[in-house]
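Here's a quick tour of one model, from a small sheet up to the whole chain. Have the sequence and the 3D view open as you read.

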Amino acid sequence: MWKKSKVTDQTATGQGGPSEAEQEEDKKAGIKKRSKVPGVMITQFIEDLPEGKSTPDFLRKPIALTIQEGKLAIFKAHVCGDPKPEVTWGRAKGDMSDTERFQKKYDEPTGEYTLEIPRVSGEEADTYKCYATNEYGKAICTAALNVIEVGFKKQKAMEQLEDIGSVDPAEFRKLLRKRKGVDKQEAVKEPGEIDERFWEIIMTADRKDYERICAEFGVKDFRVMLKKLNEKKKEREEEQAKYIETISNLKHIDIKGVGIASFEFDLELKDPASRIFLYKDGVMIPYSDEEDMKHSLKTVGKKFIFSVRDLKAEDAGLYQVDVEEVNLFSTDFKFSTVDFIVKIQEVKAKEREDAMFECVLSHPCPRIKWMGKNATLEEGEKYTITVSEDKLIHRLLIKDCSQLDKGIYSAAAGIKTCSAWLIVEDPGVQFVSGLSNVHALIGQPAELMCKLSSDNCEGAWYRDSKKLTADDGHIMSRDGASHKLVINRCQEEDSGKYRFEADGRKTEAMLNVEDPPRFDTDDLSAFSQPVIVKVGNSTTFKLPFVGREPMKIQWYRKGEQLLDDNTTKIEKSFNQSRLLLSKCQRKDTGEIKIKLKNEHGTMEAITRLIVLAFPSSPAPPKVASAFNNCINLTWSTPTDTGGSRILGYNLEKRKKGSNLWSPVNPTDEPIQEKKCEVTDVVAGNEYEFRVYAINVSGFSEPSAPSEFIFAKDPKNPPGKVEDLKVTDTSYTALSLSWNKPTEEVGVQDEAKGYFIEVRQAECIDWTRCNATPIILTAFTVKGLKAMAMYWVRVIAINDGGEGVPQDLDNYILAMPPPVRPCFTDNKMKSFMVVRAGNSVRILLNFEASPWPEVTWLKDDVPVLKRVNISNSESSSQLLITSSERSDSGIYTIVVKNLVGQESFSVEVRVTDDPKPPGPVELEENVPGTVTVIWEPSPDEKRDDHLHYSVSKRDSTKGSWSTVADRLFNNKFTACNIMHGREYHFRVYAKNDMGMSAPSESPTWGSERRKDKFVLNMPAYKTCDLRTAPAFLVPLRQHTAPKGYECYMSCAIKGNPKPRITWYRNNISLNTNTNYLITNICGVCSLLILRVTPKDWGEYNIQIESALGRAECSTKLTVRGENSTDLL
């Protein structure tokens, strides 16, 4: 048995809610608030919370549990609030005073509250409540505990028997009758009430089934039902969103095989560890992933398949699937109680015949399920399913049976099934292999063959339904069970559909006689031979062919189709084609192809055209070595040999300063190799050389001249350069300098130039930076990769060759010398004020190497995306195109590289001209003073820097004078107010941007007219003017922004003048230079120039004289700072 607690709170499935009495009490006690956690109710006791304080709330609430009897149940909760809430537990219907059954714990490191119920039983099934309470409010949430009872409860049964035994038998019969009446009354629904099973079923049903389900449950108002259904679906989706991502492809329960029913859906869970429960008629049933169990679950990717095996009548009912406490899917499993009076019987049928299965039911049924080879059969070309008018006789007709149709067939009506065999018999002679389509060339033989299952069977051949005989020129033969038809020379009229018939059976195939393009073998061989022609001459290609007309003929040269033009002409006839090419050029050398195509196929033939021409000029000769009496030269073969072999080379020389070229070898004796030793030279002279290539067509153009070379013995290569060093580096270049290598006679000669080579650290190949030698002893290597490592070397060179390379001792990093980040601006502003709507631009220049990483922060967090940051190698700019008041704050730039980091902060105030204060009122609290009181400016709440200034003008003066400035409250007491004068006051609102228009006060006092002075000397009386210290105007509480000033003041009296002492947290401040303390005409004040978090605390002032002592205190709160942090 499964005990399920009653859930009353509809905020979240599986979560309880407060009782009606509690809700009524909460309405009277405070203000209701909504928690971010669903199912949590918060009650706030006071209307305005103190700054920094909060009501209790749940960060994680207890979740509903469904657990087997005898197991451990644990509810967990995590709460927050300031001050720290007190957590208590309760239940809806029982007592929790037994500390052994209900164990309440708190884990201080994690801040987690737990309620543990060991060895749960059905008595603990209830709705449990968790309360979090502090002085400002309380939060409450509930969770249901459902207990699955296992086995027979003897004690409970005995209690029930005892209760029954204590009742008189006559009374017991009355109770039974009474109970029966009560059950009937409970079964009767109110008019218009809809069964809850209806909503569970229709929530996941297809729209096409709505009408059937409504008729089944007696729902007639379709429009009202749809409206309520949409509301319930929306609620269900909100509940499901807590645990699932998507659910789709819902398929309701249905019988899938013999004794098996299943339903399925696609489900993606947010947490794969979420628990899935299966219920039948509200009772949880166990399931397994093993398919041989009664109830099983199979998962394939996102697909969940629930199966019920060994179906019985009691398996019918409403099946539901829940994830945790949220319902996902409901499906109603119903089946009829019909049985088979006559079951289907074994059926035998011959091939190509029809077979029928028939069964008779005990009760009418409109449709049953037919299955063949474990697959459901549907009405179609192969199967016909019929039902008699009384719905009792059901038939399955299998058309045109073949060997593939034999097997076991089943009929299923509800949970009842019956099966029988279909046997397909062989009727007689069969074709073991039939005819196949044949393609034959015209004039070539063709053969059609088939094979029967019997050797003693005659047959006949047909073409296009006409019987063939041996007189038609066809050869028909039989070899046992094989039958063959041969056509020696196929013609076009032989094409058609051929059929062989034997013993009432037949097989057919098509013979297609084709006439594609074809070439004669000898003609094709002759055409394939290359054609050689000299530049400017003409040539012809032709090739005969055969094939059915029409024929498409195309000629190609080097893959491009040729068309008729000035140098190309194509001739075509029914049996050959000819290509004429005139004025052939060297570029025409290449492949020549002819392509023939008709309706039966395509044929190609390929040959080659070689156009001979003069060879191209060879490359300039290179000097291999030079001596006083000879110069050795080499050269390479021309890139274009002119289409034929190079026969030799002619070499010429010319002395520097002469215009005459003279041959080195006789023109009729070409040089066979690509090198030559020239001996006809004079020591000390300079020479240049050029070469000609010769083929069968003649001489090429001369090559470009070689470099001038002296006819002298070679020099020794130079030595290593000296004092190689790096003079400067950057991200893309490095500068080198060195000294010339020393000269040693017979060992190393003077250097004529230098090569510079570099390679990256991860490479093994050197790259030469200059193509020609430089003569200077300094060089700048450019095009380097920033921050890459390079090895560098310098090679000296002269006529004797290259010297030994000189490497740097260490690798070079492509970067400027390391420099710690520092800002280069001499006057950097640390504070700026910007009018709202204008742009904010902060440009800071710095120097750093390597390139630094630049980060901008606003109030110690990264800036928003709307803030544009532009960085370069030596500067960074922050730009806000259109500023808002929320952009105010401290912007910090952090410049960091491998060497170190530097930061700079700029305070930005985005504000606007303040609006004037409200109406001004005047009061007299102390004789001789006037207290000016005004309504705050509308900008005070959104501008932390807004303050006030008060000006005064009396009737004896025409000018205004400022009597108070930088006031952060809405009150000021003006002293030295004299009777007989009129006073006017103006109050201004000020901020970092400017000053507002003034707010005028009413006139204070009246101007006294001067009367005639009469002096009446009063009688002298001695008067005691001493008074005890007292406060006329006490201190008030202050809240000041961090970084701004705070002004505290109060008015006192006392004679003799009392001694004044200020304290903060019971520590005297009179000697503390961080505070400015004044006492003017009984107005005592304390000024804090720049408020910091350390100034938070309680301030009190003590006034003391011989006549007594008085004390007044206040509290200073620093705005924006958490009180717990300041402590």
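Let's start with an open sheet of four antiparallel strands, ordered β29-β31-β35-β34. Strands here are DSSP runs of E with at least two residues, helices are runs of H or I with at least four, and both are numbered from the N terminus. Two strands count as paired if DSSP finds at least two bridges between them. At the edges sit β29 (431-433) and β34 (475-479), each pairing on one side only. From one strand to the next, the twist averages 25°, with axes fitted as lines to C-alpha atoms and angles running from 0 to 180 degrees between N-to-C directions. Two bridges link β29 to the antiparallel strand β31 (residues 446-452), and F431 faces L452 in β31.

A word on the ground rules: this is a predicted model, so local features need pLDDT of at least 70 and side-chain atom pairs count only at pLDDT 80 or more, while totals for chains, interfaces and linings use all residues. Residues are numbered from 1 along each chain as its sequence is written, and side-chain values use heavy atoms, leaving out hydrogens and water.

Next up is helix α6 (residues 222-240), where 19 residues at 1.5 Å each should span 27 Å, and the end C-alpha atoms agree at 26 Å apart. That expected span is 1.5 Å times one less than the number of residues. Which residues of α6 are buried? They are M225, L229, R236, E239 and Q240. Buried means under 20% relative accessible area, exposed over 50%, and partly exposed in between (1.4 Å probe, protein chains only). Looking down the α6 axis, the buried residues fall within an arc of 85°, so they line one face of the helix; the arc is that of the directions from the helix axis to the C-beta atoms. R223, K227, K234, E237 and E238 are exposed on the other side of α6.

V950 belongs to strand β74 (residues 947-954) and is buried, at 0% relative accessible area. Setting aside residues up to four places away in sequence, V950 touches ten-odd partners, including W934, F972 and F985; contact means heavy atoms within 4.5 Å.

Finally, the whole protein chain:

| Item | Value |
|---|---|
| Helices and strands | eight helices, 87 strands |
| C-alpha span along principal axes | about 170 × 135 × 60 Å |
| Buried residues | 40% of 1127 residues |The radius of gyration is 55 Å, well over the 32 Å that the globule rule gives for 1127 residues, so the protein chain is more spread out than a compact globule. That radius is taken over C-alpha atoms, and the rule is 2.2 Å times the number of residues to the power 0.38.

Note on methods:
Rg over C-alpha atoms; globule rule 2.2 N^0.38 Å.
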